[in-house]
Number of protein chains: 2
Amino acid sequence: MTDSKLKTPEQTKIAGLSDEKLFEIMELFFFAYRDFTSDPDEILMNYSFGRAHHRVLHFVSRNPGLRISQLLDILKITKQSLGRVLRQLIEEGFIVQKEGETDRRQRLLFLTDSGSELARRLAEPQLRRIAAALKYKGTGDAAFAREFLYSLVDQQEHAKVKAIVRK
Amino acid sequence: MTDSKLKTPEQTKIAGLSDEKLFEIMELFFFAYRDFTSDPDEILMNYSFGRAHHRVLHFVSRNPGLRISQLLDILKITKQSLGRVLRQLIEEGFIVQKEGETDRRQRLLFLTDSGSELARRLAEPQLRRIAAALKYKGTGDAAFAREFLYSLVDQQEHAKVKAIVRK
DNA sequence: AAAATATGTCAACAATACTGACTTATTTTC
DNA sequence: GAAAATAAGTCAGTATTGTTGACATATTTT
């Protein structure tokens, strides 16, 4: 009943890797994400914020002066979805908007001091978790992790993601 | 304004890794998850299912005879949240429940044929993506990816996760 | 027999996403 | 300079997935 076209007496292989190994990594990706997000989630509860607020704070923190349209493209959500969380972050003094200098239609996003502080607090446990995960490995392993994750991103997004990630 | 206690003229390091490298990996984790989930999401739309249904299908597929309580512990959601999606999956013929043989209070979960087929279809693009991400690397890199992701999981969950992931 | 366990269910609520429609201000194009 | 395109904001309605709290049923353990 659980058999499928994927199975053979031995094991199907994609790109020389057994299904079994691939499944393990797939599942670990789920568990890693589940726990990776749990620390910031707890902090966010104190502010009645959620993950959506975290994402906005993070990307504005890393890219001061980010435009709304860029943020939408990073998050892959609609303007209306972003609108709500952004309004809250602005109303509660974590983010400010400035008119674009060359294009006055733009509303460039910046963190306030308390926004910066919250972004830092949210990042800290995640940075620690990543550092701990790489601690046992030799040099070059950070590079491997980076390349591995990068390869999971859509091909057509590579250039954009690289531009955002690399500083 | 964007300065914080984390910064020094050079760069703060956690466990010998620069903040910058850690930030990159943190962000890539977000982008990887964003795109990793996008392929199954499209398939699920045809069934009016969401990610919650996918998770249930996946873990039942990998663990036939899974108990409700185990699934709740894997997903870290409430009984009520699971209840809704599980009911739909049962009503629409993707999952069946069988009474536990040793403990008749238990409702063991199994996939039907169409459940198996859907689970396979959902897994396929993700397996391919993982395989492609590891294709360029030498032997042992699958092991590295596995250890890296595993290290991101909560310490106290390690034993349980290992039991679920390793077959 | 009483207590604990495994599961199911009702109701209300919250966060985050969506579609569709429309507005305002500004810049670009013809 | 008028028309079209772009950047952003907003209103209204809906769906998914999560939450709490309360309570019911069947079964097993103490």
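The legends below describe close-up views of a predicted model in which protein chains A and B meet each other and DNA strands C and D.

**View 1. Protein residues around DNA strand D.** DNA strand D has 26 residues around it. Those that come nearest are Lys79(A) and Arg105(A) from chain A, and Gly50(B), Ser81(B) and Arg84(B) from chain B. Of the atoms of DNA strand D that come within 4 Å of the protein, 54% belong to sugar and phosphate. The surface near this strand comprises 11 charged, 11 polar and 4 nonpolar residues.

**View 2. Polar contacts of chain B with DNA strand D.** Two of the contacts shown involve the protein backbone and phosphate oxygens of the strand: a backbone N or O atom of Thr78(B) lies 2.7 Å from one, and a backbone N or O atom of Arg51(B) lies 2.9 Å from one. At Gln80(B), by contrast, the side chain takes part, with an N or O atom 2.8 Å from a base oxygen of DNA strand D. Elements of both chains give two or more residues to the surface near this strand: α4 (68-75) and α5 (79-91) in chain A, and α3 (51-62) and α5 (79-91) in chain B.

**View 3. Protein residues around DNA strand C.** DNA strand C is surrounded by 24 residues. The closest are Gly50(A), Thr78(A) and Gln80(A) of chain A, with Lys79(B) and Arg105(B) of chain B. Sugar and phosphate make up 57% of the strand C atoms that come within 4 Å of the protein. By class, the surface near DNA strand C holds 11 charged, 10 polar and 3 nonpolar residues.

**View 4. Polar contacts with DNA strand C.** On the chain A side, a polar side-chain atom of Arg105(A) lies 3.4 Å from a base oxygen of the strand. On the chain B side, phosphate oxygens are approached by a backbone N or O atom of Ser69(B), at 2.9 Å, and by a polar side-chain atom of Gln97(B), at 2.8 Å. The elements that supply two or more residues to the surface near DNA strand C are α3 (51-62) and α5 of chain A, and α4 (68-75) and α5 of chain B. Among these, α3(A) gives the most, with 4 residues.

**View 5. The interface between chain A and chain B.** Here 72 residues of chain B are in contact with 71 residues of chain A. The two chains bury about 7700 Å² between them, and 73% of this lies on carbon and sulfur atoms. Within chain B, the residues losing the most area to chain A are Met26(B), Leu127(B) and Phe144(B), which together account for 9% of what that side buries.

**View 6. Salt bridges and contributing elements at the chain A and chain B interface.** The count between the chains is 12 salt bridges. One of the pairs joins the side chains of Glu27(A) and Arg62(B), with 3.1 Å from N to O. There are also 18 residue pairs in polar contact, counting those with both residues at pLDDT 80 or more. On the side of chain B that touches chain A, two or more residues come from each of α1 (19-36), α3, α4, β4 (107-111), α6 (113-135), α7 (141-152) and α8 (158-165). The element giving the most to this side is α1(B), with 17 residues. By class, this side of chain B divides into 39 nonpolar, 25 charged and 8 polar residues.

Definitions and conventions:
Residues numbered from 1 in each chain as written. Chains lettered and ligands numbered in written order. Predicted model: local features only at pLDDT ≥ 70, side-chain atom pairs only at ≥ 80, totals over all residues. Heavy atoms only, no water. Near = heavy atom within 4 Å. Polar contact = N/O pair within 3.5 Å; in protein donor to acceptor, adjacent residues only side chain to side chain. Nonpolar A, V, L, I, M, F, W, Y, C, P; charged D, E, K, R; others polar. Contact = heavy atoms within 4.5 Å. Buried area = accessible area lost by both parts, 1.4 Å probe. Salt bridge = Lys/Arg side-chain N within 4 Å of Asp/Glu carboxyl O.
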